[in-house]
Amino acid sequence: MSSDSTDRPDTRLIHVGRAPEKYAGAVNIPPFRASTILFPTLEALETYDPALRSVRYGRTGNPSSHAFEAAMTELEGGHGAVSYASGLQAITSALLAFLKAGDHLLMVDTTYGPTRTFCDGILARAGVVTEYFDPAIGAEITSLIRPETALIFLESPGSQTFELQDVPAIATAARQAGIVTMIDNTWAAGVLFKPLAHGVDISIQSATKYVGGHADASLGVAVAATQAHWLRLKKTAIELGATASADELFLGLRGLRTLTTRLPRHQETGLALARWLQQQPEVTRLRHPALPGSPGHELWQRDFSGACGLFAFEMRKVPPAALAAMVNGMRLFGMGYSWGGFESLILPCDPTRIRTATPWQGDQLIRIHAGLEDPADLLADLDAAFTRLRKAL
Ligand SMILES: *Cc1c(COP(=O)(O)O)cnc(C)c1O
């Protein structure tokens, strides 16, 4: 049994990282639960090399992490991957791998909130200056580059307001200036957008979201385009003690096998909900990259192969009690952080506090994750929510 690089992407995703012949024929690699690794000889003990993906100690790499990393490397089209206990740990460890005191970091203003908290807290205390930039900046990013600029970090689209960046333009500008680029590619799940093919050096994901896909695993991954960058990520992860548990890696790999089957359904349902929402008189704006008129739609059309189920809409501001009446009685939509699981979610958000370069001037923002339920039932649930809202006004 083997699949090779002549197979198409969906086929590769089913077969990559598996090794039935090594595990008594098991289709999936069983979670490799081990901390201590025994060496038969002194020579074997002394020849450990992380670049060879050998196994020395559970935390520093093992068959579970190697399999997941091989699959994610394939998905993102990179040289190598490093897995982490969470998406946030992947982001913070990758930033620490490439930044030092005195460096200037250019961070997109619409970045994930906890990424911002890390920059403004731990990175600031470590002597790294973070400057936030307008997600719409494009090639103009060159005007912000200083001699000490070491890294540009993107997230496209942002996960609350769904603004896209011109990733190839920014990556080209960075490359010309010798600056490393990273992107949080969680929305695209490594499938809908290929950052490394667009010139980005490192693509990072919270595999907690679509890769895991079942709202039950916490996992992160960074995929590097080159051996040098991969090694730097790997060595830093070892120094930080950053690692992913075998059980979470198992769930990540299992989720990955159905990723490209699930995503089109998330997209289809998300678009059905977005188009319905567009018709409601209270709704002032849709923020769904695949819808014309949404911020960044043209970039999405140019660079992405599809959409996932996460988007937002704006509606006119209503008193808090009316908003509560609307979202408190949902039958199917859960209210909670996170997304990418099989279930639908609704979340009122206020981006005011998590952007500084480009102040938020929109209306009441509500984020939707379209899950795998029947869209007709989800529409009925939303319809009832708008009825409750109207009664409360
Ligand atoms: C959830 C999320 C993260 C963090 O992932 P965890 O696995 O929860 O640490 C990072 N970026 C984005 C865009 C996210 O939605």
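**Entry 1: cavities**

I looked up the largest cavity to start, and its volume is about 70 Å³. My search of the whole structure finds three cavities of 30 Å³ or more. On a 1 Å grid over the protein atoms alone, a cavity is a set of points where a 1.4 Å probe fits but cannot get out; a pocket is an open set with protein on both sides within 12 Å along at least five of seven lines; lining residues have an atom within 4 Å of a point. Points are joined across faces, edges and corners, and a volume is the space filled by probe spheres set on them.

The largest cavity is lined by 14 residues, and the closest to its centre are Arg-59, Glu-69, Ser-83, Lys-234 and Thr-243. H3, S1 and helix H7 (227–240) are the elements that give two or more residues to this lining. Helices (H or I, at least four residues) and strands (E, at least two) are DSSP runs, numbered from the N terminus. By class I get four nonpolar, seven polar and three charged residues in the lining of the largest cavity. Ala, Val, Leu, Ile, Met, Phe, Trp, Tyr, Cys and Pro count as nonpolar, Asp, Glu, Lys and Arg as charged, and the others, Gly among them, as polar.

A note on the source: this is a predicted model, where local features need pLDDT of at least 70, side-chain atom pairs count only at pLDDT 80 or more, and totals for chains, interfaces and linings use all residues. Residues are numbered from 1 along each chain as its sequence is written, and side-chain values use heavy atoms, with hydrogens and water left out.

**Entry 2: strand S1**

I turned to S1 (residues 80–84), which supplies part of that cavity lining. Five of its five residues are buried, meaning under 20% relative accessible area (exposed is over 50%, partly exposed in between; 1.4 Å probe, protein chains only). Gly-80, Val-82 and Tyr-84 point one way from S1, and Ala-81 and Ser-83 the other way. S1 runs antiparallel to strand S7 (residues 220–224), joined by five bridges. I traced one of them: Gly-80 has Ala-224 of S7 as its bridge partner.

**Entry 3: largest pocket**

The largest pocket holds about 440 Å³ of space. I count 23 lining residues, and Tyr-112, Gly-113, Gln-160, Tyr-337 and Ile-354 are the closest to its centre. Where does the largest pocket lie with respect to domain 1 and domain 2? It lies between them, because domain 1 (9–256) and domain 2 (260–392) both give residues to the lining. The domain bounds come from an automatic or database domain assignment.

Helix H5 (113–125) and strand S10 (345–349) each supply at least two residues of this lining. S10 gives the most, with three residues. The lining of the largest pocket has nine nonpolar, eight polar and six charged residues.

**Entry 4: second largest pocket**

I put the volume of the second largest pocket at about 210 Å³. Helix H1 (9–15) and helix H3 (63–76) are the elements that give two or more residues to its lining. H1 provides the largest share, four residues. The lining residues include Asp-10, Glu-74, Lys-194 and Thr-260. By class they divide into four nonpolar, two polar and six charged.

**Entry 5: the sheet with S10**

S10 led me to an open sheet of four strands, order S8-S9-S11-S10, with antiparallel pairing. Strand S8 (283–287) and S10 stand at the edges with a single partner strand each, so one side of each has no neighbour in the sheet. Neighbouring strands are turned by 25° against each other on average, direction ignored. Axes are lines fitted to C-alpha atoms, for helices over the stretch in contact, and angles run from 0 to 180 degrees between N-to-C directions.

Strands count as paired if DSSP finds at least two bridges between them. S8 and S9 are joined by four bridges. Strand S9 (residues 310–315) and S11 pair over six bridges, and S10 and S11 over five. I followed a row of partners across the sheet. Arg-287 has Ala-312 of S9 as its bridge partner. Ala-312 in turn has Arg-367 of S11. Arg-367 is also the bridge partner of Leu-347.

How many residues of S11 (residues 364–369) are buried? Six of the six are, so S11 is largely enclosed by the rest of the structure. Gln-364, Ile-366 and Ile-368 point one way, and Leu-365, Arg-367 and His-369 the other way.
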